[in-house]
Each structure stands twice: as structure tokens, then as C-alpha cells.
Amino acid sequence: MSLARIWAILRKDLVDAIRDGRVLAIIIVPIALGVLYSVIYPDEEPRPTATVVVVGSADAGRVAQQLPRDVRQALDLTVKRQADERQARKQVEDDDADVAVVIPDGLLGEARAGRAPPLRILVGPQASPAARAVVELVPGTIGRLTDRAPAVTADVQAVQATSPSVIDELGLRRYFVLAAIVMVIGFIALLATPIVLAEEIEKRTIEALLLAARGSEVLTAKALVGVVYSAVATAITLALTRVPIERPGLFVLGVLGTIVSLVGFGLVLAYLFRSADKLNTWGWVLLMPILVPAFIVGVPVPDWLDVVAQATPTGQGMRTMVDGSLPADVFGGLGVALAVFAVWGVVGFLVLSRVLQRRGS
Amino acid sequence: MSVPRPAESPPTAGAPPGAGVVVDDLSKRYGDVEAVRGISFSVQAGEVFGLLGHNGAGKTTTIRMLTGRTPPSGGSATVGGHDIVRERDRARALLNLVFEDQNLYERLSGRDNLALFGELYGAPKARTDELLERVGIASAAKRKVKTYSTGMKQRLLLARGLINDPQVLFLDEPTRGLDPVSARNLREIVRELSAAGTTIVLTTHDMVEADELCHRVAFLSEGRIVALDTPRELKLRLGDGDAPGATRPRRARVLLDDRTEHVVALDDPQDDERLSGWLREGRVLTVHSDEPSLADVFVALAGRSLDADDTTTETEATR
């Protein structure tokens, strides 16, 4: 393969395609959606609210009454009572509560006696800074009820979420901007890139290219058109929306993984449709099921649907981009994501190779 | 007006050794359809060689094989001395093709179109402007191709076909859709190329063009070559009443001063007498020998005219 020839074709495509109104619209629409989401959903502030479940009977009741007094006006605290610790834990797991404080009967008596009994506090994965402040406050509250300091030995336990709520973690603005970026990539890989190739096939300019360059060089250049446009469109979306990306390396991996895993299928579509106008008309229909997984990532959905979403490049792309935009992983599983990208990428290009062989191109 | 005729022997001065095209028992099958059935011919360096035939006769498939875009099902061929299958890249560097379709990048300028292919072939940058000048569209080089006329596009296609200074140039219906002046200019360039030693393989439906440009022509019908010779020999063969396969006597059309036209048989004594009488009386305005055209030859050999349409064109069948 000649890099010079690939570069020459790529340069031509980048200039030529952007002058095509269809391609331009395909790129602009999802970017505009990202900006729109960014405007509609304001920047999320740290939640000034916290929901605390106090578990237990008599002693728990006293703690539940005292806690709001100690918090005063600092935050909007909701205190619930729950007799069963398992139920309380589930509420925390499901993000219905931020914190559960387990107060066994007799705890206040032991504290008064100066035995500093252990106090179990369960903290949810999505707990806000306000809720974490409450965790710090609880031992003091018990100290005030018992006139002892320290009254208890706090045992803070982190609870894993059964279904992480990404929207809570990211905020709606960032969530929808990231989803719009997946849309940008999907549109470019499965609409813009195939339209570029389909137009070449339709107008038979590809015949002239194939006379001067190898088929592999032409297809590599076309795939790179998708990669370059996706990268630029993603950068533009991020610049316009000013969404912070905490871990750029991981985020870029998600962007590149998504485009590489989809662009092979995009090129297949070009050979199947062989008409830019047909692709522009019907490609959107094919695009929808490919994009849906990005929008159900992290949202409470049936398990089977979550598995399906995780098996798609847009699902894994969204997960990786979400993780890349936060200081710590919400989803993790980068290895699985890379494997999904690789499998889809390889299958896409194998199908493309098969289609080309069958057509004798 | 005199029309320049191709020399009976193609010029070879300046042509590199081994240039030209050699085709040996070449065939191509698409599933059950045998598009080309074992054709053989050779084209000398500097020769203009015409491939003529109906839609579906096998012309486009033959050119696709010779330009390395479709592998043959059987037989072999060399272009510029290089096998089109085993040495495809070397062969392709020596050839170029002016497509039947005006497959240009319409949103790019003429210069950008040409510069792209210059880069792909590794041609010197100056070649782009040189060719734009040569084909007469230098003044429109910066304009987008979609603003070009059909003739300008065809000239740009020719320039693209010459960008790598090919030893062998394939021309697929190069004057289709052109006005007479543009067509004549293009033919003039073809003659110049031939004179400079470029081997040219031309497909056309235009029998007059083939007659005018080609040193030799091959008639393709149903994937086979049914005749191959110089246009003159083919016409003489059909016109010679004594020749095997001849279908018509030698005749002349005579226009008299009363605007009546008469056809006389040149080998009929009675018609000889009539013609002599008109000449003596000074009544003859024009006399045209009624020799067969290449189209007549083709009809005689293929059994139908080139204008007869097929339900499926070859181009469609091979796409």
C-alpha cells in the first residue's frame, strides 16, 4: 500500500465530501443536537439534598429526629425510617437513598456507657457530597444524644449499585452531549462515509481511482475519511458545549473504537445501496437500532436489553466515553469494550471484503 | 475539405520496445454468460486499433480485462510487455483509460481533478498545467467541473488519461455526445498521440470515426472477433463482387442537372453507356462511388446494425 496515494485520496475526499450538502447536514445535525442539549439542560450543581434512611426502632427514632436539627439549613435533608436493614440496603443500592444509618436497639445506651459501639453506615455509589457530609455528621449527632464524644465507632460501608444511574453521576447535560457525540460518530460512519463511497460507485469515479490506486488504498482512504470527520466533529461538539473530559485518553479510545468498529459496515452499506440518494433516504432507518444502545447505557432497563446494548459498539462507545469524562470509572470493563470494538471492526471489514469478492471489484 | 487518413502502417518512431498490446485467447465468463470468447489480436506501438461491436458484444469487458480491472477467465494478455494478471501493477502504470462516462469529481475544479490523478500516478506537478493547456481548458482550470460543458469535460477526461504519459491509451467512446468541432479536435489529439508513438485502443459506435482514426479495426460480435483488418481492406472485401463473402456489386450514384439521382452498376455495359451519355451531354453534377461503409461491413458480418439496441447493455451486465 502506498501512503502517498492514500493521503492524496483522503485529501480529495475531505474537501469534496464537505461540499456535498447531504454529508454536511449529516455532520451538522447531531452536533447541533449536542449543543441544543447543552443549552436545554443547565450545568448540574452538587445536589444540595440528601436522603438518609435510619434503620432500627426506638433509638433509631431519636436519631432520626435529631439529625435534621444538626444539619439545620445547610442542606435539604430527607430522613426516612426503615425497620429492615435489607430493605434499607436495597434502597441505597437502587439509589432511592444516599445513606443508610443502622441503629440497633441499645446502641445509645452503650454509647452513654462509653463503650463506643460500632455504628454501621451504608453509603451508595451515587451519594452526593451533601450525603457524604451527613455521614460525617451522624457520629456527632449520637454524641449529642448521649453526651459522649466520641460516642460510636463509625463503620462506613460502600454499597455497589445494582444498576448505576449514569444520568445522576453525569448530569443530564453531559449525558446527552455524550449521547450526541455517539450520534455524530454513528451518522458519520454509517451515513456520511458510505455516501462518499456510494457516490464514487454511482458516478463511476471509483473506476478511475481503481485504475491508478489499489482497492485497499481506496478503501483505507474512505475509512480514514470517517475517522477524521468523527474526530473533528467530536472536537467541535466538545468545544461548543464545553463539557469537561476528565480522562481524555480513555475518552479518545471510546471515540476511535466506536468509529473503527462501525466504519467497515458503513462501507458495506455503500456497496449494498450503490446510490448516495438511496443511502440518504434509507440509511437513517438502519441507523436507529445502531444508535439506541447508546441511549440506554446506564439507564434502568431489563437485563437482556443491557446485555444487548453492551454487545454493540455504540453501547460500549458510550460506556467508555462516560468513564473517560469522569474522574473514576462508573462502568469499567475497558477490556470488554476493546474486544467488542475489535470484533465489530474485524467483522465489518471481513463482510466488506466478502462483498467486494462477490462483486469482483 | 480533405479528411486526414491514417497511414496504412502505424508509426513506430519513438515508441519504446515491447510497447503495445498482445491478446491471446482471452475470455471472460460471468456465471453462465460468456462475455468474451477466446479473442486474440495484437496492437503495435503507435497504432490506433478500433474495437467495434454492438452493446453486449464484449468491448467493455475486453477493455476491463486489458486495464486490469477484471481478471480474465482464460487466456492471457500483455500491455506494454507486461502480463495484465501477473504483472498487473507494472502494466497499469503504463496504461490509462478515457472512460465512456464522464466520471469526474464535479465539485472539484478541473485542476484539482487532474492534480489528484497526477499525485496517484506520481506525475510531475507541472504535467497538470501542461495537459490543461494542451487540451484547451487552461482558462477554466479553477472552475468547478460541474460548470463545464460536455466537450470541456471530455477534454478533461482526455487530459486525465494522459496524466501518466501512458504507452497504451484506451479510449471508450471518446467522442460520444460531443459537438462536431469538439469531436474533431479530440480526434486530432488522438492522431498526434499516435504519431508520437502512443498505442491507442479505441471502442466506438461511430463507424465514420473508426474509419477516420483507426489503422485497423476488429469487429466483435457475441464475444468473438468476426473480422479484423484495416478499414480499407474490410470495405474493399465487401465491395468486391468477386471476393468471398461479398454482398453487393460495385456501383455509383449519379446526380444530374435535373436533380434526379441514378444508381449505375460499374460493371454493367448498359449502365456504362448511360453514364457516358450523361457525361457527353454535360448533365452530370456529381458522381459518388457507392463503396460500402464500415457500417455496411459490420451489418454484413454481424447480421444487424450497430444502432440495434440490446435489452441489457454490456456495461450494465458487467457492473
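1. A good place to start is the contact pattern of chain A: among contacts between residues at least 6 apart in sequence, 82% join residues at least 24 apart. Please keep in mind throughout that this is a predicted model.

2. On secondary structure, chain A has 15 helices along with five strands. As for burial, 47% of the 361 residues of chain A count as buried, where a residue needs 20 or more other C-beta atoms within 10 Å of its own.

3. The overall dimensions of chain A deserve a look as well. Its radius of gyration is 27 Å, whereas a compact globule of 361 residues would come out near 21 Å. Taken along the principal axes, the C-alpha atoms of chain A fill a box of roughly 90 × 35 × 35 Å, which is a helpful picture to hold next to the radius.

4. Turning to chain B, the domain assignment splits this chain into domain 1, covering 21–236, and domain 2, covering 249–289. Between the C-alpha centres of domain 1 of chain B and domain 2 of chain B there are 43 Å.

5. Now for the place where the chains meet. Chain A brings 16 residues to the contact and chain B brings 17 residues. On the side of chain B that touches chain A, helix α3 (residues 110–121) of chain B gives the most, with five residues. Sorted by class, that side of chain B has eight nonpolar residues, six charged and three polar.

6. If you plan to describe this contact further, one general remark may be handy: the size of an interface is often given as the accessible area lost when the parts come together.

Notes
Residues are numbered from 1 along each chain as its sequence is written. Chains are lettered from A and ligands numbered from 1 in the order in which they are written. This is a predicted model: local features need pLDDT of at least 70, side-chain atom pairs count only at pLDDT 80 or more; totals for chains, interfaces and linings use all residues. Two residues are in contact if their C-beta atoms, placed from the backbone, lie within 7 Å. Helices (H or I, at least four residues) and strands (E, at least two) are DSSP runs, numbered from the N terminus. Ala, Val, Leu, Ile, Met, Phe, Trp, Tyr, Cys and Pro count as nonpolar, Asp, Glu, Lys and Arg as charged, and the others, Gly among them, as polar. Domain bounds come from an automatic or database domain assignment. The radius of gyration is taken over C-alpha atoms; the globule rule is 2.2 Å times the number of residues to the power 0.38. A residue is buried if 20 or more other C-beta atoms lie within 10 Å of its own, exposed if 12 or fewer, and partly exposed in between; C-beta atoms are placed from the backbone.
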